[in-house]
Amino acid sequence: MSVYIIGGGTPLPGRLSQAESRMRTMIGVMAQKGANATRLQQTLLGDGRGRLMLAAKFDSFHEAMSIFEEVRKDPLFIEVSKQISENPAASDSWAVVMRDFYGSLDFSKSVTLRRTYKISRGHLPKMTEIIKEIDNLSPDYKVAAIIPAMAPNMDYLHGAYHFDSLADAGKSMDEVGMTTEFQELVSRANEIATLIQSGISVKM
């Protein structure tokens with residue numbers, strides 16, 4: 001199981017480069033301190049359009065918290081945190097801790113299509129079976145899902161479809177997303193959860 005520290009914000013007008021630079025510095029420190037993988041991405045379409053998001057992957061909660069403790073002591077991280085506090089380049093900043101629910105997020109893929117469901121924890125076992133069936137519909141994508149460990153909305157499940165390009169994502173939506181089999185699985189998912197958000201992001 002992987003654990004993720006994920007954060008982000010929406011760049012203020014004219015401040016995209018500054019916001020991106022600060023986030024790159026932060027994930028650079030996380031990588032230096034031992035994160036298994038890091039990623040910076042921007043949402044292009046759907047929920048959170050324009051938002052930047054950074055993520056770091058760890059093997060366990062202990063590893064995540066231990067490394068984050070060291071990150072917070074790093075002089076470069078302290079300096080960037082001070083800059084963010086005194087002269088923000090992004091609004092609606094947030095940070096959460098997530099864990100794998102199905103599969104694992106693939107930070108190497110260029111494009112991620114996210115679908116967020118509101119779901120009772122008691123329905124998660126049923127959702128696992130649905131996600132497995134969706135994952136097996138096509139070899140052209142891999143599905144992962146994460147759930148919150150520390151977040152404002154603890155009843156969310158975030159499904160992620162990984163692609164090499166936006167064109168591949170569109171092709172999959174046509175060839176898989178519009179099929180009767182996929183739509184039947186979506187209907188089954190809607191019986192136990194509510195789809196509330198969706199968006200597509202690209203790696204920066």
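These notes go through a predicted model, from its cores to single residues.

1. The main core. The largest nonpolar core holds 28 residues. Those with the most contacts inside it are Phe101, Met127, Ile131, Ile134, Leu157 and Tyr161. Several elements give two or more residues to this core, including strands S4 (90-102), S5 (111-119) and S8 (193-203). Helices H4 (124-135), H5 (166-177) and H6 (180-192) also contribute in this way. Strands S6 (142-150) and S7 (156-163) complete the list. In general, nonpolar side chains tend to be buried together in soluble globular proteins.

2. Phe101 as a way in. Start with Phe101 when looking at the core. Beyond residues up to four places away in sequence, Phe101 touches Leu124, Thr128 and Ile131. Phe101 also touches Ala145, Ile146, Ile147 and Leu157. Two of these partners, Ile131 and Leu157, are themselves listed with the most contacts inside the core.

3. The other core. Apart from the 28-residue core lies another, of 22 residues. Among its members are Ile5, Ala19, Ile27 and Leu54.

4. Helices H2 and H3. Helix H2 covers residues 61-73, and helix H3 covers residues 75-86. Their axes are 5 Å apart and form an angle of about 70°. H2 is therefore roughly perpendicular to H3. On the H2 side, the contact uses Val71, Arg72 and Lys73. On the H3 side, Pro75, Phe77 and Ile78 take part. By type, the residues of this contact are four nonpolar, two charged and no polar.

5. Asp100. This residue is found in strand S4. Is Asp100 buried or exposed? Asp100 has a relative accessible area of 7%, so it counts as buried. Its side chain makes a polar contact of 2.6 Å with the side chain of Tyr4. Another polar contact, of 3.3 Å, links the side chains of Asp100 and Ser104. Leaving aside neighbours within four places in sequence, Asp100 is in contact with Met1, Ser2, Tyr4, Leu105, Ala145 and Ile146. Met1 deserves a look: Asp100 and Met1 are 99 residues apart in sequence, yet their C-alpha atoms are 5.8 Å apart in space.

6. Asp92. Strand S4 also contains Asp92. Its relative accessibility is 62%, so Asp92 counts as exposed. Check the backbone here. The phi of Asp92 is near 55°, a positive value in a residue other than glycine. Most residues other than glycine have a negative phi.

7. Thr116. Strand S5 holds Thr116. With 0% relative accessibility, Thr116 counts as buried. Which side chains make polar contacts with that of Thr116? Arg114 does so at 2.6 Å, and His158 at 2.8 Å. Beyond neighbours within four places in sequence, the contacts of Thr116 are Tyr156, Leu157, His158, Thr194, Leu195, Ile196 and Gln197. Met178 is 62 residues from Thr116 along the chain, and their C-alpha atoms are separated by 19 Å.

8. Ser201. Strand S8 contains Ser201. Ser201 is buried, with a relative accessible area of 6%. A polar contact of 3.5 Å joins its side chain to that of Gln41. Not counting residues up to four places away in sequence, Ser201 touches Gln41, Gln42, Thr43 and Leu44. Ser110, Val111 and Thr112 are also touched by Ser201.

Terms used: Residues are numbered from 1 along each chain as its sequence is written. This is a predicted model: local features need pLDDT of at least 70, side-chain atom pairs count only at pLDDT 80 or more; totals for chains, interfaces and linings use all residues. Side-chain values use heavy atoms; hydrogens and water are left out. Axes are lines fitted to C-alpha atoms, for helices over the stretch in contact, and angles run from 0 to 180 degrees between N-to-C directions. Helices (H or I, at least four residues) and strands (E, at least two) are DSSP runs, numbered from the N terminus. Angles under 35 degrees count as roughly parallel, over 145 as roughly antiparallel, 65 to 115 as roughly perpendicular and the rest as oblique. Contact means heavy atoms within 4.5 Å. Ala, Val, Leu, Ile, Met, Phe, Trp, Tyr, Cys and Pro count as nonpolar, Asp, Glu, Lys and Arg as charged, and the others, Gly among them, as polar. A nonpolar core is a set of buried Ala, Val, Leu, Ile, Met, Phe, Trp, Tyr and Cys residues joined through side-chain atoms within 4.5 Å. Buried means under 20% relative accessible area, exposed over 50%, partly exposed in between (1.4 Å probe, protein chains only). A polar contact is a pair of N or O atoms within 3.5 Å; within protein, one must be able to donate a hydrogen and the other to accept it, and residues adjacent in sequence count only if both atoms are side-chain atoms.
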